[in-house]
Amino acid sequence: MGLFDRLRGESAPRVVFLGIDGVPFSLLDEHPDEFPNFAALAEDGSAGPIDSIVPPESSACWPSLTTGVNPGETGVYGFQDREIGTYDTYVPMGRDVQATRLWDRVANDGRDATVMNVPVTFPPQRNVQRMVSGFLSPSVEKAAYPDELREYLESIDYKIDADVKQGHEEDKSPFMADAHATLDKRYEAFTHYLDQDDWDLFFGVFMTTDRVNHFLFKDYERDGPNKEAFMDFYRQLDEYIGKIRENLADDVTLLVASDHGFTSLDYEVHLNEWLEQEGWLSYEDEGHEELGDISDDTRAYSLIPGRFYINLEDREPRGAVPQDEYEDVRAELKEELEALEGPDGRKVCERVVVKEEAFRGDHDDIAPDLVAIPNHGFDLKAGFTGGADVFADGPRNGMHSFDNASLFIDTPDADIEDSDLLDIAPTILDLMELDFSRTEFDGASLVRN
């Protein structure tokens, strides 16, 4: 307990949230001897698997997790989104998130929030105590506010992200060394500011877990040559979580959660190539195959992960599908996707969701018309390169999953069964005793009152 905490007296309760990007609950739950600190957190508190959102992609998940609302409200649907009325796309950043973040609610209540390494938060906000943006930030210099935070992070050689290019190499040793260095610096920075004990909400994300999973998860699940390196990385994560938990003050509740699950990857599925082969997609000029080059014969196109857009008249610039045929065309595409099989005879899609089932809000005008949720083993890609195989191998052997995300809450007074990502934000506010209306969120607090 720090000096500032001792001076608080009977202050409102506080929360530490630690994100473990892409960590499936089963990985931690099935190895209590390997990961004793996660096991202790589950035994002493509440823990279980939760569902992610549609689509289960980090750029969409973190805005939803930190706001408690679906992409129709956040306005962020994936790593790449499309502009209204054009074929232009953009990479969503922090300012593109249209819903109120948790730390904004904390700041509006006159309380302090430290926010570190959360994806889709660049550029850093000035209305919170301190923030270093995460995934997609160009540099620590530009990602950190205020200057004191930037200077400290630069002094310890803080790393915003691991070098994923090294993961493409057959020898994973350099990649794993870099992953450990990234994890170590994240822990060092987190503990530095946790020990200052001057925050009401501490919200930090370990994203390197996602990076390791992308390149080593099949080694873990199927006893590959890099399994021990994978497990050693998670043993270190478990140790860091345990140390953080041990040093938290009595008025702090710890939450640890992932934004989606993970599974082994068997096939990359190039969906725009499939659409082209099946007569759904064509291009104006051969050899210039990108979204802006699709022809007015195109009926549908895809963006990652598994998002499908009908090339609709009066909505897309070269819309080919009349408005009165929209429902029939969408139903036809949905049926074909549901029937799509991989080289091993398994169905590619676990289910295909229409936009009305997944998205609602003021920003659903850029929502995909369909979202395919893949069966385990099929990683849904887009790509406009042309001439590729529909099913291919890539450098990654792990992929996101909608199910089996993780949630740990260091209190027994929580009910995690049948919960999902959208329940986390109202749960944190409830634990902090911050007032909110139930109707503000798509999720609900998991705290039993």
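Here are four short exercises on a predicted model, each with a worked solution.

Residues are numbered from 1 along each chain as its sequence is written. Local features need pLDDT of at least 70, side-chain atom pairs count only at pLDDT 80 or more, totals for chains, interfaces and linings use all residues, and side-chain values use heavy atoms, with hydrogens and water left out.

**Exercise 1. Describe how helix 9 packs on helix 10.**

Step 1: Find the elements. Helix 9 spans residues 173-196, and helix 10 spans residues 208-221. Helices are DSSP runs of H or I with at least four residues, strands are E runs of at least two, and both are numbered from the N terminus.

Step 2: Take the geometry. The two axes come within 10 Å and cross at roughly 165 degrees. Helix 9 is therefore roughly antiparallel to helix 10. (Angles under 35 degrees count as roughly parallel, over 145 as roughly antiparallel, 65 to 115 as roughly perpendicular and the rest as oblique. Axes are lines fitted to C-alpha atoms, for helices over the stretch in contact, and angles run from 0 to 180 degrees between N-to-C directions.)

Step 3: List the contact, meaning heavy atoms within 4.5 Å. Helix 9 supplies F175, M176, A179, T182, L183 and R186, while helix 10 supplies T208, R211, V212, F215 and L216.

Step 4: Sort by class. This contact of helix 9 with helix 10 has 7 nonpolar, 2 polar and 2 charged residues. (Ala, Val, Leu, Ile, Met, Phe, Trp, Tyr, Cys and Pro count as nonpolar, Asp, Glu, Lys and Arg as charged, and the others, Gly among them, as polar.)

**Exercise 2. Place helix 11 against helix 3 and helix 10.**

Step 1: Start with helix 3 (residues 36-44) and helix 11 (residues 227-247). Their axes come within 7 Å and cross at roughly 50 degrees. The pair is therefore oblique.

Step 2: Name the partners. P36, N37, F38, A40, L41 and D44 of helix 3 meet L237, D238, E239, I241, G242 and R245 of helix 11. The split is 6 nonpolar, 2 polar and 4 charged.

Step 3: Turn to helix 10. The axes of helix 10 and helix 11 come within 8 Å and cross at roughly 145 degrees. Residues in that contact include V212, L216 and Y220 of helix 10 and F230, F233 and L237 of helix 11. The classes are 10 nonpolar, 3 polar and 2 charged.

**Exercise 3. Locate the unusual backbone sites.**

Step 1: Recall the norm. Most residues other than glycine have a negative phi, and most peptide bonds are trans.

Step 2: Check the prolines. V54 and P55 are joined by a cis bond, omega about -5 degrees. P55 sits in the loop between strand 2 (46-50) and helix 4 (58-65). The bond from I304 to P305 is also cis, with omega near -10 degrees. P305 lies in the loop between strand 12 (300-303) and strand 13 (307-310).

Step 3: Check phi. D197 is not a glycine, yet its phi is positive, about 55 degrees. D197 is in the loop between helix 9 and strand 8 (201-206).

**Exercise 4. Give the residue classes that line the contact of helix 9 with helix 10 beside those of helix 3 with helix 11.**

Step 1: For helix 9 with helix 10, write 7 nonpolar, 2 polar and 2 charged.

Step 2: For helix 3 with helix 11, write 6 nonpolar, 2 polar and 4 charged.
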